[in-house]
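Work through the exercises below with the model open. Try each task before reading its solution.

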Amino acid sequence: MTEKEKMLAGDHYFANDKELSAERLRAKKLLHRLNVTEYVFNGNSRNILRELLPNAHRHLYIEPPFHCDYGYNIHSGENVYFNVHCVVLDTMKITIGNNVFFGPNVHIYAATHPLDAVSRRKTEFSKPVTIGNDCWIGGNTVICPGITIGDGVTIGAGSVVTKNIPDNVLAAGNPARVIREL
């Protein structure tokens with residue numbers, strides 16, 4: 001298996017592989033155009049997003065600056081909004097439903113690392129993240145690798161989501177916990 005195939009399969013992989021490094025550089029160049037050259041959401045930025053995020057619905061709005069590792073692993077439905085300073089470490093598939101809104105500085109991590117210090121020096125691995133339809137993710141939230149957030153969920157600002165969240169609830173805190181049903 002190539003390092004990219006290992007990454008996409010959730011196996012341990014070497015992130016500084018030539019192919020993966022080249023793909024991250026491509027994404028960084030597109031992000032530079034989005035975040036620096038354009039910096040406003042217009043026709044040019046829409047074209048950049050189509051190239052950067054080929055698996056995202058065309059009704060996606062991103063308020064720059066925005067960061068992701070590859071772009072092609074972000075799969076989103078329609079009417080998705082990212083406020084400023086959002087980070088998506090998309091080393092594996094990140095699935096976002098329809099009508100999902102992200103506050104400023106939300107971070108979504110598929111990338112993770114071995115707990116063993118020696119292994120961590122050379123490899124990392126990934127776990128997919130899924131966010132359902134009709135969700136609001138409050139500002140400064142971190143969504144950890146391998147998490148599934150159900151439909152109709154509100155995550156309170158400043159939360160760290162370390163466990164799956166069921167449908168139609170308000171969850172908040174560090175670690176995030178269900179506060180009440182909605």
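The exercises cover overall build and then salt bridges in this predicted model.

**Exercise 1. Compare the radius of gyration of the protein with that of a compact globule.**

Solution.
- Start with the length: the protein has 182 residues.
- A compact globule with 182 residues would have a radius of gyration near 16 Å.
- The protein has 16 Å, which agrees.
- Add the secondary structure: 4 helices and 18 strands.
- Buried residues make up 46% of the 182.

**Exercise 2. Find the salt bridge of K6 and place both partners.**

Solution.
- The partner is E3; the closest N and O atoms are 3.0 Å apart.
- A salt bridge needs N and O within 4 Å, so the pair qualifies.
- K6 and E3 both sit in helix α1 (residues 3-9), 3 residues apart, or about one helical turn.
- Buried means under 20% relative accessible area.
- E3, at 17%, is buried.
- K6, at 24%, is partly exposed.

**Exercise 3. Which residue forms a salt bridge with K4, and are the two buried or exposed?**

Solution.
- K4 pairs with E23, with 2.9 Å between the closest N and O atoms.
- K4 belongs to helix α1 and E23 to helix α2 (residues 18-38), 19 residues apart.
- Both K4 and E23 are buried.

**Exercise 4. Describe the salt bridge between E51 and R26.**

Solution.
- The N to O distance is 3.8 Å.
- E51 lies in helix α3 (residues 43-52) and R26 in helix α2, so the bridge ties together parts 25 residues apart in sequence.
- E51 is partly exposed at 40%.
- R26 is partly exposed at 38%.
- The count for the model is 3 salt bridges.

Technical notes: Residues numbered from 1 in each chain as written. Predicted model: local features only at pLDDT ≥ 70, side-chain atom pairs only at ≥ 80, totals over all residues. Heavy atoms only, no water. Helix = DSSP H or I, 4+ residues; strand = E, 2+ residues; numbered from the N terminus. Rg over C-alpha atoms; globule rule 2.2 N^0.38 Å. Buried < 20%, exposed > 50% of the residue type's maximum accessible area, 1.4 Å probe, protein only. Salt bridge = Lys/Arg side-chain N within 4 Å of Asp/Glu carboxyl O.
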